[in-house]
Amino acid sequence: MELEKKRTVIAEETLRALEWERVIEIAGSLAASTLGSERLFELEPPLSRQRAELLISRTQEMVRVLTETQGGLQIEGLVDIRDTLTRASVQGASLEPLELRQIAETLKCASRIKQQLEKRKSDLPELGGLAERLWDFARIAKDIEKSIGPDGLATDDASPELKKIRQERSRENRALESKLESVMQKWADQGVLQDSVINYRDGKLVLPVKDEAKHRVQGVMVDTSASGATVFLEPVETLPISNRLRQLDLDERREIHKILLKLTAQVHEQIEEIAITVELLAEYDELYARGRLALRWEGIAPALNESGAMRLWTARHPLLIERIREARTGKVVPLSLELVPPVRTVVISGPNAGGKTVALKTVGLLSLMASAGFFIPAASGSELPHFASIHADIGDAQSLESDLSTFTGHVARLKRMTEEEARPKLLLVDEIGSSTDPAIGAALAEATLLEWTMQNAVSIVTTHHGALKAFAHETEAMVNGSMAFDEEKLTPTFVFRAGLPGSSYALEIAQRVGFPENVLSRARALLDKGALGLEELVGDLSRKIEEYEKLRRESDLKLTQYEGLSKLYSEKTEELKKSKAQVRKQALDEAEKLVVESRREIEQLVREIKEQQADKTAVQRAHEKLNKLRDKVESEQAKTSRELKTQEPERVKLDKIEIGVRAQVEGIDGEGVITNTQRGGKRVEIEIGGMRLWVDSHKLFAPPKKSPARPQQVKVQIKFTDDVVKSQLDLRGMTGEEAIPEIDHYLATANESSFKQVNLIHGKGTGMLRIRVREFLETHPLVKSYHDGGANNDDWGSTIVELH
């Protein structure tokens with residue numbers, strides 16, 4: 001409790017820079033009531049590590065409830081009744097019917113959640129434990145619903161007295177209508193009425209009397225028409241009945257008031273228990289919103305550590321996800337960043353509008369979310385330190401009211417960051433050391449980063465200063481990073497590259513927007529040769545890395561296709577072996593049958609010979625039958641031999657394993673050349689058909705001998721047909737690790753069959769398989785895009801994949 005009092009509250013300027021309020025607004029909109037949304041709006045990150053981890057654990061369980069349970073959490077009907085309970089806490093108070101009805105709905109919600117989760121405490125220990133603390137107010141809810149209908153009106157069954165009053169009033173109303181009809185008939189016959197219709201005015205049944213005849217009809221005038229031509233009179237004959245009805249109305253109101261007093265008293269008697277239950281329901285509602293947000297952003301539970309390591313894999317900025325969600329087009333470029341002690345500082349460089357600031361905001365916002373116990377939109381395996389303080393200097397710090405320049409405001413924030421004592425701390429600065437003399441600004445930035453690194457702070461900054469890039473390269477515990485740039489299109493790719501500084505591409509971008517060429521040429525001439533050389537060196541390095549990445553992607557694609565072909569070849573070979581075994585068994589069965597039949601016929605011939613005492617005719621017939629039988633057996637033997645004959649050439653193990661030796665690989669058609677070896681020749685790299693792959697040496701065979709005059713080119717070609725590749729792959733029941741190789745193989749074979757769209761069925765389950773599948777699709781070279789399945793793209797249980 002003492003630790004909680006001393007915790008640091010994130011500065012408002014940092015929360016504003018990282019757009020924390022927008023995240024909370026989205027989360028709050030997913031709550032079932034203001035009970036949950038208010039708890040979210042009251043959050044003040046960072047929470048204690050214990051509290052943050054508890055919320056993450058409970059959110060994990062809530063995600064399971066939302067994805068595994070039919071209908072999700074049974075939270076419908078939840079209403080914020082705290083103000084109503086305050087009024088009910090006063091002795092003798094009487095709540096309005098609709099207020100009581102809302103209390104009943106909320107209490108029923110508590111009963112449903114208690115019944116739903118209490119029995120699942122073994123697999124949902126946190127949510128089940130909370131459910132045990134919920135009170136059961138079924139009797140109060142039942143009494144309220146019995147007495148007050150959904151429309152807020154008291155029901156006839158609210159009390160025997162109320163039912164009696166209403167029955168009597170119904171009888172009096174019928175008597176009134178009957179009496180009024182007879183009076184109306186009398187005056188209609190005398191021509192004093194405007195029309196023969198009973199009217200209803202001011203809560204009373206009246207007759208429409210002509211103004212000139214109003215003195216002829218005795219009664220009480222209730223109203224007149226707009227023209228004044230008609231007077232609405234309550235005739236004297238119906239007054240006794242009307243008076244009795246008015247008395248019954250008063251009796252009904254008094255009885256309803258008594259009923260409301262009684263129901264309110266029931267609430268009052270258990271006001272404290274109900275208040276506790278409402279607070280627990282508020283916590284459930286907050287977790288309900290957190291769980292829905294996790295599913296909305298395909299988030300994972302971040303691991304919070306004390307080691308200071310930051311690992312963010314394919315992290316996406318939540319508000320960019322929302323923008324894509326609203327536009328229904330586009331794709332968020334993910335950020336992968338690893339910062340492990342002793343490295344504490346990352347200096348990010350690159351072109352303007354290249355994504356440097358978004359990278360800063362992504363790290364900052366996800367760190368804030370983790371410290372507040374939220375899931376983060378990243379891949380599994382992501383982890384963050386639990387930061388005690390987070391500072392962000394992003395945007396213009398100029399203030400006219402405080403008479404602060406942009407640089408003064410920037411330096412003031414750097415001062416606060418440096419003096420922050422809460423540890424561990426995360427410091428994010430956009431364009432550090434800018435808005436002043438570049439040399440002085442770079443020197444100030446270097447000294448500041450060195451101080452932060454000595455404090456063991458985690459700091460990530462962006463810059464265009466070449467000196468700062470060199471400083472990060474030369475200083476221990478610091479690394480460079482950059483945002484990639486497409487030099488052909490002169491556009492940013494928004495891809496983060498760790499360990500490499502980036503060029504600003506200022507002159508290239510200026511050329512792209514049509515800046516005068518003579519001015520650009522003069523700028524190049526005026527530019528310091530050392531600075532220009534560094535920019536050219538960085539640009540050249542970036543181009544080489546891009547070429548390497550392109551080659552790596554092509555190699556990965558070929559390897560994926562090759563492995564898919566290899567697996568399919570192995571499957572077909574196995575099918576062939578099974579088929580041959582079946583043929584062999586069938587042949588043996590037929591041979592055995594033939595032997596039995598032959599033996600039976602020979603025995604029959606022997607009997608015939610004995611019975612006919614071996615005369616020449618009988619012996620000749622026996623020889624003829626035996627010859628026919630022998631021909632039949634020989635024919636069947638030849639047939640069986642043909643069926644069992646193998647077409648596979650005999651394979652010979654490779655006698656020597658060294659670079660340059662030609663070999664074949666088990667399960668793969670064609671032959672190749674050994675290009676590398678490992679572990680004393682137990683693992684080899686072999687190139688076949690322009691592709692290289694590593695295999696175990698025991699899978700290698702010597703290629704068949706062939707004439708040197710007829711060299712053949714190795715080709716691997718397997719044609720897939722629709723009966724092999726289907727338009728969907730069912731992954732249900734698999735783990736993420738089991739599903740990934742299946743998807744990889746399936747996408748390769750689907751691509752070979754010219755499929756442009758396929759469907760991966762992963763089911764809803766815990767949602768973890770869906771997340772793992774999408775992590776894999778995010779970087780797969782064959783995948784163009786993907787989205788939820790279903791006619792309206794609203795089926796969480798499947799993912800539609802568009803192929804290149």
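What follows is a chat between a colleague and a modeller about the structure above.

Colleague: Before we start, what kind of model is this, and from which number are the residues counted?

Modeller: It's a predicted model, where local features need pLDDT of at least 70 and side-chain atom pairs count only at pLDDT 80 or more, while totals for chains, interfaces and linings use all residues. Side-chain values use heavy atoms, with hydrogens and water left out, and along each chain, as its sequence is written, residues are numbered from 1.

Colleague: How many helices and strands does the protein have?

Modeller: Both are DSSP runs numbered from the N terminus: helices are H or I with at least four residues, strands are E with at least two. On that basis the protein has 23 helices and 24 strands.

Colleague: And what share of the residues counts as buried?

Modeller: Buried means under 20% relative accessible area, exposed over 50%, and partly exposed in between, using a 1.4 Å probe and protein chains only. The protein has 804 residues, and the buried share is 43%.

Colleague: How much area does the protein expose?

Modeller: Accessible areas come from the Shrake-Rupley method with a 1.4 Å probe; for residues, only the protein chains shown count as cover. Carbon and sulfur atoms supply 51% of the exposed area, and the total is about 43600 Å².

Colleague: How many salt bridges are there?

Modeller: Side chains of opposite charge can pair when their charged atoms come close. Here a salt bridge is a side-chain nitrogen of Lys or Arg within 4 Å of a carboxyl oxygen of Asp or Glu. By this rule, the count is 49.

Colleague: Which residue forms a salt bridge with Glu126?

Modeller: The closest N and O atoms of this pair are 3.0 Å apart. It links distant parts of the chain, with Glu126 in helix 8 (residues 125-132) and its partner 68 residues away in helix 5 (residues 49-68). Glu126 is partly exposed at 24% relative accessible area, whereas the partner is buried at 9%. That partner is Arg58.

Colleague: Helix 5 also holds Arg64; which residue does Arg64 meet in a salt bridge?

Modeller: The N to O distance is 3.3 Å. The partner sits 59 residues apart from Arg64, in the loop between helix 7 (97-118) and helix 8. Arg64 is partly exposed at 24%, and the partner, at 28% relative accessibility, is partly exposed too. The residue you want is Asp123.

Colleague: Is Glu383, which pairs with Arg311, buried or exposed?

Modeller: The closest N and O atoms of Glu383 and Arg311 are 2.6 Å apart. Glu383 is in strand 9 (residues 383-385) and Arg311 in strand 6 (residues 310-315), 72 residues apart. Arg311 is partly exposed at 21%. Glu383 has a relative accessible area of 19%, so it counts as buried.

Colleague: In what order do the 6 strands of the open sheet come?

Modeller: Two strands pair if DSSP finds at least two bridges between them. The pairing in this sheet is mixed, and the edge strands, each pairing on one side only, are strand 10 (389-393) and strand 14 (491-498). The order is 10-11-12-8-13-14.

Colleague: Which helix packs on the sheet and touches strand 8 and strand 13?

Modeller: Strand 8 (residues 345-349) and strand 13 (residues 478-486) run parallel, joined by 5 bridges. Contact means heavy atoms within 4.5 Å, and angles run from 0 to 180 degrees between N-to-C directions, with axes fitted as lines to C-alpha atoms, for helices over the stretch in contact. The helix covers residues 466-474 and makes about 130° with the direction of strand 13: helix 17.

Colleague: Which residue takes a positive phi in the hairpin of strand 3 and strand 4?

Modeller: Strand 3 (residues 219-224) and strand 4 (residues 230-235) run antiparallel and are joined by 5 bridges. Val220 stands opposite Glu234 in strand 4. The hairpin has 5 residues between the strands, and the phi is near 85° at Gly228.

Colleague: Last one: how far apart are the C-alpha atoms of Glu272 and Leu85?

Modeller: Glu272 is in helix 12 (residues 271-296) and is exposed, with a relative accessible area of 60%. Along the chain, Glu272 and Leu85 are 187 residues apart, but their C-alpha atoms are separated by 9.3 Å.
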